[in-house]
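Student: I'd like to learn how to read aromatic clusters and nonpolar cores. Can we work through a case together?

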Amino acid sequence: MKKTVKDINVAGKKVLVRCDFNVPMKDGMITDDRRITSALPTIEYLSAEGAAVILMSHMGRPKGEPKPEYSLKPVADRLTELLGREVIFAASPQVVDENVKKMADDLEGGQIMLLENVRYRAEETKNEEPFTGELASLGEIFVNDAFGTAHRAHCSTAGLAKYMPSVSGFLIEKEVKFLGDALEAPERPFVAIMGGAKVGDKIPVIENLLKKVDTLIIGGGMSYTFFKAMGYEIGTSILDEESIGLAGDLMKKAEAAGVELLIPVDTVCAKEFDNNSEKAVFDRDKIPADMMGMDIGPDTIKLYCDVISRAKTIVWNGPAGVFEMPSFAEGTKAIAGALAESDAVTVIGGGDSAAAVEQFGFADKMTHISTGGGASLEFLEGKELPGISCLEDK
Ligand code: AMP
């Protein structure tokens, strides 16, 4: 267990807080502020306890240069609105300079300030000096609350922990609790649902989950690599040629471990990767040569929803089909609906499954929706996350 902000005295201290404010933007406007609202409990707590709060985050990929389109100014404005009081924005192309140091010095207990995008500095993603030392010069305590970047060792994540006492914020605490409890102490049956397109990324996750779950459900674009491993023709469906052998190995490992591995029995196919393309349902061994699988079929939906309805713990990562196209969203929607109806502990890995749950209006029915796509995948893979392992133990 890692120490949290509650385990230390922060009153009157300058506290550096790494958040994940990497929010989607369009035409200078924030289109989804979930990541900002998720960070509020830690910020409000620290400020109420009398800490001078210095917030840090990245946004997008400015690649080590100051680029105005990636400025965190809109985040400072949104934070000001949400908190109902001023969040001072330390605008500086170098992120830390003499003026920013002065602003940090002058910051009083209870006040909140946000630094500019840490990825304006090339050292950030390499975890190199002098940037880490410059950031460290601003504060006395480091709080990491950026779960979305916890799988990266950067200056503002793992780097700062070398300089000062370091603890987790409430968001990281919550993420670790829900993801960790699901993996280590699940109420059974424990069902994991894996979907999405990139099989290569997910194979190590499936491998780790096979040691923990009772049933593993496969959906989405990766199904076709499994079909291929089973010896079926898949038409023009998405295929990860290099992972066919690994998919076959996973099927054998599941059998040896006594884990039920469910692979779709039928699939909705289309001629083109297009919402308006003609579509039809085929059994998994009858995909026509000129069509591609776009979603799980109705028999698969029935089978999967039945298993989900009996589960007591469910972890879901990756959509069951091309859910961005309404024509091929049925499978993903049905799974999201089944999770919403279930009384199991439901944990949604970040990224596309989180987006799907939101899009279909089921977000408030889930036990926990992770704020980190890559980070939650690495967590489920059983990897140590450097942004968390660097924090002090209780
Ligand atoms: P990932 O990033 O690996 O989680 O993949 C998510 C993406 O997989 C989403 O954008 C889906 O549209 C896509 N996807 C799901 N099913 C399929 C499919 N049958 N064919 C192609 N792409 C798919």
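Tutor: Sure, start here: Tyr-224, Phe-227 and Tyr-232 form one aromatic cluster. Keep in mind that this is a predicted model, where local features need pLDDT of at least 70, side-chain atom pairs count only at pLDDT 80 or more, and totals for chains, interfaces and linings use all residues. Residues are numbered from 1 along each chain as its sequence is written, and side-chain values use heavy atoms, leaving out hydrogens and water.

Student: What makes two rings a pair, and how is the geometry named?

Tutor: Rings of Phe, Tyr and Trp (its six-membered ring) pair if their centres lie within 6.5 Å; planes under 30 degrees apart are stacked, over 60 edge-to-face, and the rest tilted. For Tyr-224 and Phe-227 the centres are 5.4 Å apart and the planes at 85°, so that pair is edge-to-face. Phe-227 also pairs edge-to-face with Tyr-232, at 6.4 Å and 70°.

Student: Is Tyr-232 buried, exposed or partly exposed?

Tutor: Buried means under 20% relative accessible area, exposed over 50%, and partly exposed in between (1.4 Å probe, protein chains only). Tyr-232 is partly exposed at 23%, while Phe-227 is buried at 0%.

Student: And which residues touch the most other members of the largest nonpolar core?

Tutor: A nonpolar core is a set of buried Ala, Val, Leu, Ile, Met, Phe, Trp, Tyr and Cys residues joined through side-chain atoms within 4.5 Å. In the largest one, of 41 residues, Ile-206, Leu-216 and Phe-226 touch the most other members.
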